[in-house]
Amino acid sequence: MTADTTAPRRRPDEASFAALYREHSLGLTRLAFLMLGDRESAQDVVQEAFLGLYKRWPSLRDPTKALSYARSSVLNRCRSVLRKRRLPFFPTPELFAFSAESEALLDESRREVLKALHNLPPRQREALILRYFLDLSEAETATTMNITRGTAKSTVSRALTALSHHLEPPQ
């Protein structure tokens with residue numbers, strides 16, 4: 001008789017997983033939306049990321065890092081969607097309005113910033129969205145992008161410079 005060396009799979013902690021979803025799905029959807037510019041694709045990406053996390057939950061070494069895993073998964077899935085798209089993203093004013101109230105608050109300068117943001121290279125756009133739209137620290141930004149903190153810091157710096165050039169009025 002041989003002993004079974006594989007440990008039984010732990011069931012996901014349903015309450016912890018549900019709490020993670022409730023607390024962070026909207027923020028992750030915003031991240032995906034800013035990256036993709038398409039609400040339906042953003043929602044699909046987040047659902048797929050949470051499904052993947054749910055399947056891997058029993059094998060997570062540190063469940064406290066599940067949010068970081070989910071962010072990275074959303075970002076990677078956004079990259080995949082963007083690679084598969086044939087046409088570039090062109091933001092429209094309606095695209096960024098989730099409700100009548102948000103549409104009323106959406107002014108021309110914000111639309112210009114979002115348009116300029118989507119003119120940046122994908123890596124720079126990711127860095128700015130993570131750092132300033134999601135308000136992540138440099139370390140969290142680096143972890144989510146799977147790069148070093150120094151690389152994240154320099155990418156954000158270059159992205160801010162490029163963004164300011166996109167926003168400068170024509171001369």
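Is serine 72 buried or exposed? I looked up its relative accessibility, found 17%, and so count serine 72 as buried (under 20% relative accessible area; exposed is over 50%, partly exposed in between; 1.4 Å probe, protein chains only).

I note that this is a predicted model, in which local features need pLDDT of at least 70, side-chain atom pairs count only at pLDDT 80 or more, and totals for chains, interfaces and linings use all residues. Residues are numbered from 1 along each chain as its sequence is written, and side-chain values use heavy atoms, with hydrogens and water left out.

I placed serine 72 in helix α3, residues 66–84 (helices are DSSP runs of H or I, at least four residues, numbered from the N terminus). Setting aside neighbours within four places in sequence, I found serine 72 in contact with Thr143 and Thr144 (heavy atoms within 4.5 Å).

Next I checked α3 against helix α7, residues 138–145: the axes come within 8 Å and cross at roughly 55° (lines fitted to C-alpha atoms, for helices over the stretch in contact; angles run from 0 to 180 degrees between N-to-C directions). I therefore list α3 as oblique to α7 (not under 35 degrees, over 145, or 65 to 115). From α3, Ser68, Arg71, Ser72, Leu75 and Arg79 make the contact; from α7, Thr143, Thr144 and Met145 do.

I then turned to serine 73, also in helix α3. Its relative accessible area is 10%, so I entered serine 73 as buried. From serine 73 to valine 45 I noted 8.7 Å, C-alpha to C-alpha, with their positions 28 residues apart in sequence counted as the separation.

Terms used: Helix = DSSP H or I, 4+ residues; strand = E, 2+ residues; numbered from the N terminus.
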